Amino acid sequence: AKKDAAAYLSAADYFKRAGVRVVNMSWGGSLKDVEDALEANGAGGTAEERKKLARQIFDIGRDGLLAALKSAPNILFVAAAGNSDNNVKFDEFIPSSFQLPNMITVGAVDQAGEETSFSSFGPMVNVHANGFEVSSYIPGGQLLKFSGTSMAAPQVTNLAAKLFALDPALTPETAKNLILAGCVKNGRVNLVNETKSVALLQKQIATK
């Protein structure tokens, strides 16, 4: 866990040195994942001892990741919400349970714009994009259809990259606001709309 925490900070330092503007984070983990791993390997002692150890391990990684994201305020981090049909805040799923000005969390919808049955949710999930049977390249170049918030997050990363390309002066927070402002709201779904977000930015540029 300590090595992971150090690796997060090292990666953030690399991003900063390389001038990275947006990072896709199609991954995550939770306190339950750590506890389950300990149990599966017969580690951690009794159930109560295992629960306490899992908390210690999880907190080290969580705190390291949070510190890494905060250390790079000029980079927009795009996180997949998760595929457990749960509340990311309640289940302490990281990084999607974080709430930072330079981070946006993405849930998944199907082609009809309806929230998928697997997409995690909660107040930290900012936007949604297509994450159902998305054509995805695998090693070797073959295309397969995959479903998950890890298919949805890259689409928001792509939109953010286009906004930064159109106006390099954008901050992560202003890019995030443009993405949010372009969304179409339907219940708890906040569906990204690339055309609207780009149009909003072009309007801003024209008035400068």
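Two strands are said to pair if DSSP finds at least two bridges between them, and I start there because the first part of this predicted model that I want to show you is a pair of strands. Strand E5, residues 134–137, and strand E6, residues 143–146, pair in the antiparallel sense over four bridges, and within that pairing serine 136 of E5 stands opposite leucine 144 in E6. The two strands form a hairpin with five residues between them, and in the turn you will find glycine 140, whose phi is positive, at about 105°.

In a regular strand the side chains alternate between the two faces of the sheet. Along E5 we can follow this residue by residue, since Val134 and Ser136 point to one face and are buried, whereas Ser135 and Tyr137 point to the other face and are not buried.

Let me turn now to the helices. The axes of helix H4, residues 149–166, and helix H6, residues 194–206, come within 11 Å and cross at roughly 15°, which makes H4 roughly parallel to H6. H4 passes H6 in a right-handed crossing, and the contact brings Asn158, Leu159, Lys162, Leu163 and Leu166 of H4 to Glu194, Ser197, Val198, Leu201 and Ile205 of H6. Sorted by character, the residues of this contact are six nonpolar, two polar and two charged.

Finally, a single residue: glutamate 39 lies in helix H2, residues 31–40, and is partly exposed, with a relative accessible area of 48%. Glutamate 39 and arginine 50 are eleven residues apart in sequence, and from C-alpha to C-alpha they are 7.5 Å apart in space.

Definitions and conventions. Residues numbered from 1 in each chain as written. Predicted model: local features only at pLDDT ≥ 70, side-chain atom pairs only at ≥ 80, totals over all residues. Heavy atoms only, no water. Buried < 20%, exposed > 50% of the residue type's maximum accessible area, 1.4 Å probe, protein only. Axes fitted to C-alpha atoms, helices over the stretch in contact; angles between N-to-C directions. Parallel < 35°, antiparallel > 145°, perpendicular 65-115°, else oblique. Left-handed = near helix turned anticlockwise from the far one by under 90°. Contact = heavy atoms within 4.5 Å. Nonpolar A, V, L, I, M, F, W, Y, C, P; charged D, E, K, R; others polar.
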